[in-house]
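Got your viewer open and a selection box ready? Load the model below and follow along, one selection at a time.

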Amino acid sequence: MSGTFRENGVTTAVHLVSAAALAGLALLSAGCSGESDGAKPPKQTASKTTSDAGPSQGASESPDPPPQKVADPPPQKPEPAIIYRPDDARPQHDDQALADLGIHLYESRRLKLYSDLPPELVRPLPELMDRAYAAWEEYFGPLPPDRAESDFQMTGYIMRDRRLFLETGLLPDDLPDFPHGRHRGAEFWMNEQEHDFYRRHLMVHEGTHCFMTIMPQVSPPLWYIEGMAELFGTHRTSAPGRSTFRIMPGASLDVRGWGRLQILAGERSAGRVQSLDEIFAYSGNSFLETKAYVWSWALCKFLDTHPRYRDRFHELRDYQEGSAFVRRFQEVFQPDQVEMNRDWAFFAADLDYGYDVERSVIDWKSGRALEVGSEAEDDVAADRGWQSSGLSVKPGETYEISADGRVVLAVHPRPWESEADGVTIRYHADRPLGMLMARIVPDTVTKIAQKATVGVGKRNVLTPTEPGTLYFRVNDFWGELADNSGAYRVKVRRLPSPPKRSR
Ligand SMILES: [Zn+2]
């Protein structure tokens, strides 16, 4: 509303990353279980990075050269120890003997893939893995070289007849059971999946683990390990040879078998939205359930995309060893803890196919209370997500809200106009498109319940049930904000209490 003031970046002494999150770190080795591996991402791969770095020409980790006298020769500048990737320890197979049994090899620069599936299902996969590899390199930076100076390559197994892979030794019998996929070192195993998309998704998910955890001592928290694997697995192939990774899926048909957003919607309806701290605390056992993958993906997607957080999040790629990730995460995000919890709460409450993060960034305003009998007014734009009124409200108070004007909700096939009651041709979240919606959210929120959101329409009376800031938006699908235009002029007037009606 007009004349409101901005909250000035309030910080608190509370730690963003809880002790529970740190505890979760220690449980990392329980690994990726539910939908993929139960695996032990780090720690199981071979040698150390720096300490046994091999022939490094007298390199030393000591930062201080010895003190020198005038007559001494100039000091040798310490050279950094060369960091190597562990040697390639993948087993060699008798490809001809396997082919005779119906297991064929498909190979690209980054992947050797063995499968007993029909060739047309498998043939495109190694190339996709090469494109994913390029995307990992771009995001995380290149892997260190190995001593043999060979290309990093993975070996994968996609199994229809699991017994055949056991009998041939391709599926090691010491590999714990898994429902979908599992990785170890530079190898991964997958059960055949019904849908093409999900087969590809799962392959890139496991490949992401191989890439991210091939270096020893890598141990970021589980939500990050699994969330990033999910993030890269979620891809779109727009033309032959061209894939985009880390996408926000636009529709369920584009990502058949993936189902993450349906699960998320179900969790939301059941009142089980997760706060940041709850996700930070995920342990290996959490990943026995697919929903842990869903929330981990959602959190990585949020941090990877939101303009306020994405640069800091990306920088964490350089803090993968030991406890560095958790420490750095705390350093860079703690100052914004309250704001980040609130941004996450809105994201988690609304995340859906095509969710438009840029248009949903909220310009935070809060703290202004209206006197009884006074009013405030402002525009609520149709092409944005939630917009703060800047008004703080409390239980026991009563507000009359009225909205004038028209907005355009779609351009094609013809401009589709609406007033604040909405148009009942199409619904989103059980309300007509175009309807003025309201939501009351405390400034220190960590999760938002579904009941916090109400339909307002052209005229209504609002009686808050909890204190918070009042937000508005024009109802529409989250992936369809870009073709909207116009705004409602919304007036909020504080009425004398007690309330006569409520919604
Ligand atoms: Zn995984």
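What follows is a walk through a few stops in this predicted model, from the whole chain down to one residue and back out to the core.

**Stop 1: the whole chain**

Start with everything shown as cartoon. You're looking at 503 residues, 39% of which count as buried. The protein chain carries 14 helices and 19 strands. Now for contacts: among those with a separation of 6 or more, 74% link residues 24 or more positions apart.

**Stop 2: strand E3 and its two partners**

Select 154-159, which is strand E3. Six of its six residues are buried, so E3 is largely enclosed by the rest of the structure. Turn on side chains and look at which way they go. In a regular strand, side chains alternate between the two faces of the sheet. Here Met154, Gly156 and Ile158 point one way, while Thr155, Tyr157 and Met159 point the other way, and all are buried.

Next, add the partners. Strand E2 (residues 111-115) pairs with E3 in the parallel sense, over five bridges. To find the register, look for Leu111, which stands opposite Met154 in E3. Strand E5 (residues 187-191) also pairs with E3 in the parallel sense, over five bridges. On that side, Gly156 has Phe188 as its bridge partner in E5.

**Stop 3: Phe188**

Stay in strand E5 and center on Phe188. Is Phe188 buried or exposed? It is buried: 27 other C-beta atoms lie within 10 Å, and 20 or more is enough to count. Leaving out neighbours within four places in sequence, the contacts of Phe188 include Met154 and Gly156, which you've just met in E3, as well as Gly181, Arg182, His183, Glu206, Gly207 and Cys210. If you like checking distances, pick the C-alpha atoms of Phe188 and Tyr157: they're 6.3 Å apart in space, with their positions 31 residues apart in sequence.

**Stop 4: helix H7**

Select 222-233 for helix H7, which has twelve residues. From first C-alpha to last it reaches 16 Å, close to the 16 Å expected at 1.5 Å a residue. How many of the residues of H7 are buried? Twelve of the twelve, so H7 is largely enclosed by the rest of the structure. Color by residue type and you'll see that the buried set includes Trp223, Tyr224 and Phe232, along with Glu226 and Glu230.

**Stop 5: helix H13 and its cover**

Jump to 337-350, helix H13, with 14 residues. Its end-to-end reach is 20 Å, close to the 20 Å expected at 1.5 Å a residue. H13 is mostly covered, with ten of its 14 residues buried. Among them are Arg342, Asp343, Trp344, Phe346 and Phe347. What does the covering? Show helix H9 (276-280), helix H10 (290-305) and helix H12 (324-333), which are included in what covers the buried residues of H13.

**Stop 6: an open four-stranded sheet**

Now bring up an antiparallel open sheet, with four strands in the order E9-E18-E15-E16. Strand E9 (387-393) and strand E16 (453-455) are at the edges; each has a single partner strand, so one side of each is left without a neighbour in the sheet. Ignoring direction, neighbouring strands here are turned by 25 degrees against each other on average.

Zoom in on E18, residues 468-474. E18 is mostly covered, with seven of its seven residues buried. On one flank, E9 joins E18 through four bridges, running antiparallel. Use Gln387 as your marker there, as it stands opposite Phe472 in E18. Strand E15 (residues 436-441) also pairs with E18 in the antiparallel sense, over six bridges. Two pairs help you read this register: Leu436 stands opposite Val474, and Val441 stands opposite Thr469.

**Stop 7: the core between the domains**

Keep Leu436 selected and add Ala298. In the largest nonpolar core, which has 100 residues, these two touch the most other members. H10, one of the helices from stop 5, gives the most to this core, with ten residues. Finish by coloring domain 1 (19-47 + 84-350) and domain 2 (362-495) separately: both give residues to the core, so it lies between them.

For a last close-up, center on Ala298. Not counting residues up to four places away in sequence, Ala298 touches Leu264, Ala348 and Leu351. You've been past one of these already: Ala348 is among the buried residues of H13.

Key. Residues are numbered from 1 along each chain as its sequence is written. This is a predicted model: local features need pLDDT of at least 70, side-chain atom pairs count only at pLDDT 80 or more; totals for chains, interfaces and linings use all residues. Two residues are in contact if their C-beta atoms, placed from the backbone, lie within 7 Å. The expected span of a helix is 1.5 Å times one less than its number of residues. Two strands pair if DSSP finds at least two bridges between them. Axes are lines fitted to C-alpha atoms, for helices over the stretch in contact, and angles run from 0 to 180 degrees between N-to-C directions. A nonpolar core is a set of buried Ala, Val, Leu, Ile, Met, Phe, Trp, Tyr and Cys residues joined through C-beta atoms within 7 Å. Domain bounds come from an automatic or database domain assignment.
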